[in-house]
Amino acid sequence: QVQLVESGGGLVQAGGSLRLSCGASPSAFSFNAIGWYRQAPGNQRDMAALINRNGSKDYADSVKGRFTISRDNAKNTVDLQMNSLTPEDTAVYYCYAQIRVLGTPINYWGQGTQVTVSS
């Protein structure tokens, strides 16, 4: 059973920082990819940052240089450190994980955590 539980959202002023954490089970290292998507009101859900099985990391252009994704083996968590936040970062942030079963990707989502950046 795959479970993803997010924490760490909240309200922050522009220029501030927040750290999101996703507790993953089974181990965060067992997934083909794991990371964070976000969805602003009226918009589609888009990838913010991902860690692939080989350890490589992908970031959306809009967050490069400001967000850092990391994986903690001991805690089975995937964290997203968000710095220099702007109101455009306001969204519901979802933890995401993908496994492959006989080559078929299966996606899992957490319940989402709200991040609000005030100007």
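These are my notebook entries on a glutamate, its strand and the core of this model.

**Setting up.** The model is predicted, so I kept local features at pLDDT of at least 70 and side-chain atom pairs at pLDDT 80 or more, while totals for chains, interfaces and linings use all residues. Residues are numbered from 1 along each chain as its sequence is written, and side-chain values use heavy atoms, without hydrogens and water.

**Strand E1.** I started with E1, residues 3-7 (strands are DSSP runs of at least two residues, numbered from the N terminus). Leu4 and Glu6 point to one face and are buried (under 20% relative accessible area, 1.4 Å probe, protein chains only). Gln3, Val5 and Ser7 point to the other face and are not buried. E1 runs antiparallel to E3, with five bridges joining them, and Ser7 stands opposite Ser21 of E3.

**Glutamate 6.** Which side chain of opposite charge is nearest to this buried residue? I found arginine 45, 7.6 Å away, and no salt bridge (a side-chain nitrogen of Lys or Arg within 4 Å of a carboxyl oxygen of Asp or Glu). I then saw that the backbone nitrogen of Gln111 lies 3.0 Å from a polar atom of the Glu6 side chain, and the backbone nitrogen of Gly112 also lies 3.0 Å from one.

**The core.** Tyr93 is in contact with Glu6 (heavy atoms within 4.5 Å), and I met Tyr93 again in the largest nonpolar core (buried Ala, Val, Leu, Ile, Met, Phe, Trp, Tyr and Cys residues joined through side-chain atoms within 4.5 Å). This core has 27 residues, and Trp36, Leu80, Met82 and Tyr93 have the most contacts inside it. E9 gives the largest share, five residues.

How values were computed:
Buried < 20%, exposed > 50% of the residue type's maximum accessible area, 1.4 Å probe, protein only. Helix = DSSP H or I, 4+ residues; strand = E, 2+ residues; numbered from the N terminus. Pairing = 2+ DSSP bridges. Lys, Arg positive; Asp, Glu negative; His and termini not counted. Polar contact = N/O pair within 3.5 Å; in protein donor to acceptor, adjacent residues only side chain to side chain. Lists of a residue's contacts leave out its neighbours within four places in sequence.
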